[in-house]
Amino acid sequence: MAEEEGPPVELRQRKKPKSSENKESAKEEKISDIPIPERAPKHVLFQRFAKIFIGCLAAVTSGMMYALYLSAYHERKFWFSNRQELEREITFQGDSAIYYSYYKDMLKAPSFERGVYELTHNNKTVSLKTINAVQQMSLYPELIASILYQATGSNEIIEPVYFYIGIVFGLQGIYVTALFVTSWLMSGTWLAGMLTVAWFIINRVDTTRIEYSIPLRENWALPYFACQIAALTGYLKSNLNTYGERFCYLLMSASTYTFMMMWEYSHYLLFLQAISLFLLDIFSVEQSDKVYEVYKIYIFSLFLGYLLQFENPALLVSPLLSLVAALMLAKCLQLNVKKGSFVAKIIKVINFYLVCTLTITLNIIMKMFVPHKENGHMLKFLEVKFGLNMTKNFTMNWLLCQESLQAPSQDFFLRLTQSSLLPFYILVLIICFLSMLQVIFRRINGKSLKETVTLEDGLIGERPEIIYHVIHTILLGSLAMVIEGLKYIWIPYVCMLAAFGVCSPELWMTLFKWLRLRTVHPILLALILSMAVPTIIGLSLWKEFFPRLMTELMELQEFYDPDTVELMTWIKRQAPVAAVFAGSPQLMGVIKLCTGWMVTSLPLYNDDDLLKRNENIYQIYSKRSAEDIYKILTSYKANYLIVEDAICNEVGPMRGCRVKDLLDIANGHMVCEEGDKLTYSKYGRFCHEVKINYSPYVNYFTRVYWNRSYFVYKINTVISFQS
């Protein structure tokens, strides 16, 4: 029986190996078709390691040197180490003073938990108002700085003010390092990073506001945004290995969330970035999977930020969330159609229209169901800015008159041209943009893109990270041409993109491909120019600007403001602890920092109630009666009024932009446009009249202190009003 059953068993056993052998042979054939990469020789690996090591060393050194430069310049400018604490604090002006004052409050708190509670239920800053200062002013940097100062034992080594500004200067070093790395990743040479840093420092008047206002939110946030852009640049590269891709993804996730927590306007910048990635995906230059992974990071950061920012409704109604949600829905509705076909092109157009429509619809729906008051004044400002509406409102006109919210001046373009940044940026942008269009038209015509782009191809527009940066810089530049304050976001981008271009052989090869250069070998010439041009630029910048930088560090400047010091000293010695002060918002910020006394208003422009308060308090510089001013001040429980001579007697370069002019326009005491009715005021300007000390002003206000710049009046308690 065993012998009879043997053959069938044998046959069954033979069939299985036969099929498995076929599969294995098929796999072997497929594997044999794929070229196996040869292991690089040892000397090549050593060259790569040396290149990366030198580049990383140069990037870190550049960041450290810039941080040290800022520290030295700040010391020479303000003579900081030789000043008393009060004089140091006066160097923080406006909203910067408010941020630093809360850092001081955190250090004075008996515990971190108690300090956070007092900030989130703050009723000691603005009279008759309890605010969540952490949410409203994005005080997470101050919370982190205070806990680091105490946890590291720095209170025994360094003063709080030096620790605070040291962190900000350190972040600026990281900012420069991130720009260095981004330019290096795009060009393939760390020489581009060095040129980026040089342009950034030379044009620092237009790249950063760190010299004038250290605690600004943008100085804390933009370094993380630069790290996010560097990680995104690496993530979009086609030739990135798995480990590098994972590292870039994690860095991008962490920096995106941190950036969103540090600055209340961060989601608007990320919205522009999301638009750039959406257009990149539309053009099919990069795999959609990577782009949608970035969208997931946005959603995660928005919802985590919403929860940790005390359920901040501004994040739910932000255009970023609406756009990303629309993109995710559109992807679910997409059909699998053969790429390059006519139907696929039609679907692309429909998809674009669908995303735009869904974004607007979702944003409207969210605003209908989510109660919010955030940034409503921004929309009104933009309407007036672009001529869609006219207004006599004091706050709107005051914002329009701010230099940072106006169009860039000719001096701005002249400075960028003198440093050679603008000409090279325009050259690089034109070449990259035209190459991008070339790639898009090839794609529309059904030509497939190459998996690997070589230097000989001369198609820099096929690289997805380049296309993303071109779109992003055009969007940022367009906004910066309307609002000058956005140059502090755009110009660092300009430095990075211009440096990448002049150091990239691919860019020069793309240009030579168009010119059909034949006299000299184009690849050789591209390699030579990618080294020679940045070297010449660097030497010229060194010769012209390095002596200026050294002169700035050698000059000992002095910040001298004795009148403000005297005013703060008088308040601390003479005013009751429970006193409430009224005056310009900028001065109120300094009073809050230097004395800790309660004030009626703050230099913040993201809250409608505070904006209304500011406008009402500014009426002390208008043509209103003593009784009107008294009613306004007592409605906020103010005990003291401070009149600034600089505002009362302001002689501004632009008539109509002085505070008193804006108040006259708002109150109808000055003709703004033809056809407006002029309302005559029988009262003189209050800030002038109150100084004369005659009735009825003396019945309401008693002068208790004055110097060359400030006049302090005690607000009397009166029973009856006199006309």
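This is a short chat about a predicted model of one protein.

Me: What is the secondary structure of the protein made of?
Reply: The model is predicted. Its secondary structure comes to 33 helices and five strands.

Me: How much of the protein is buried?
Reply: Of its 723 residues, 49% count as buried.

Me: And what share of the contacts joins residues at least 24 apart?
Reply: The share is 72%, taken among contacts between residues at least 6 apart in sequence.

Me: What is the mean pLDDT?
Reply: The mean is 85. A pLDDT of 70 or more is reached by 87% of the residues.

Me: Where is confidence lowest, and where is it highest?
Reply: Helix 1 (residues 2-33) is lowest, with a mean of 42. Strand 1 (residues 580-582) is highest, at 96.

Me: How many contacts does the stretch 1-37 have beyond near neighbours in sequence?
Reply: Zero in the model. The pLDDT there is below 50. Where pLDDT is low, the predicted coordinates should not be read in detail.

Me: What about residues 719-723?
Reply: Their pLDDT also stays under 50. For this stretch the model has nine contacts beyond four places in sequence.

Me: Let's do a helix. What span should helix 12 have?
Reply: Helix 12 covers residues 242-262, which is 21 residues. At 1.5 Å a residue, it should span 30 Å. The end C-alpha atoms are 30 Å apart, so the two agree.

Me: Which residues of helix 12 are buried?
Reply: Among them are Gly 244, Cys 248, Met 252, Tyr 257 and Phe 259. The list also includes Met 260, Met 261 and Met 262.

Me: What covers them?
Reply: The cover includes helix 7 (140-151), helix 11 (217-236) and helix 13 (266-282). It also includes helix 14 (288-308), helix 15 (313-316) and helix 16 (319-333).

Me: What happens at the start of helix 12?
Reply: A side-chain oxygen of Asn 241 reaches to within 3.3 Å of the backbone nitrogen of Tyr 243.

Me: Now helix 28. Why call it largely enclosed?
Reply: Seven of its ten residues are buried, so the rest of the structure largely encloses it. The buried ones include Leu 610, Leu 611 and Ile 617. Arg 613 and Glu 615 are also among them.

Me: And which contact sits at the start of helix 28?
Reply: There, a side-chain oxygen of Asp 607 comes to within 3.0 Å of the backbone nitrogen of Asp 609.

Me: Where does Gln 619 lie?
Reply: In the loop between helix 28 and helix 29 (626-635).

Me: Is Gln 619 buried or exposed?
Reply: Gln 619 counts as buried, because its relative accessibility is 4% and the cut-off for buried is under 20%.

Me: What does Gln 619 touch?
Reply: Leaving out residues up to four places away in sequence, Gln 619 touches Arg 624, Ile 629, Ile 632, Leu 663 and Asn 667. With Asn 667 there is a side-chain to side-chain polar contact at 3.1 Å. The C-alpha atoms of Gln 619 and Ile 632 are separated by 8.6 Å. Those two residues are 13 apart along the chain.

Me: Switching to Ser 62. Which helix is that in?
Reply: Helix 2 (residues 42-78). Ser 62 is buried, with a relative accessible area of 11%.

Me: What does the side chain of Ser 62 reach?
Reply: The backbone oxygen of Ala 58, at 2.7 Å. Beyond four places in sequence, Ser 62 touches Val 176, Phe 180, Met 194 and Val 197.

Me: On to rings. How many aromatic pairs are there?
Reply: The count comes to 36. One of these is Tyr 100 with Tyr 103, a tilted pair with 5.4 Å between centres and 45° between planes.

Me: How are Tyr 100 and Tyr 103 placed in helix 4?
Reply: They are three residues apart in helix 4 (residues 95-108), so about one helical turn separates them. Tyr 100 is buried at 4% relative accessibility. Tyr 103 is buried too, at 0%.

Me: Which residues form a cluster with Phe 686?
Reply: Tyr 630, Tyr 694, Tyr 697, Tyr 700 and Phe 701 join Phe 686 in one aromatic cluster.

Me: What charged ends sit over rings?
Reply: One is that of Lys 290, over the ring of Tyr 235, 5.4 Å from its centre. Arg 204 lies over the face of Tyr 73, at 5.5 Å from the ring centre.

Conventions: Residues numbered from 1 in each chain as written. Predicted model: local features only at pLDDT ≥ 70, side-chain atom pairs only at ≥ 80, totals over all residues. Heavy atoms only, no water. Phe/Tyr/Trp six-rings, centres within 6.5 Å; stacked < 30°, edge-to-face > 60°. Helix = DSSP H or I, 4+ residues; strand = E, 2+ residues; numbered from the N terminus. Buried < 20%, exposed > 50% of the residue type's maximum accessible area, 1.4 Å probe, protein only. Lys NZ or Arg CZ within 6 Å of the ring centre and 35° of its normal. Polar contact = N/O pair within 3.5 Å; in protein donor to acceptor, adjacent residues only side chain to side chain. Contact = heavy atoms within 4.5 Å. pLDDT = per-residue confidence, 0-100. Expected span 1.5 Å × (residues − 1).
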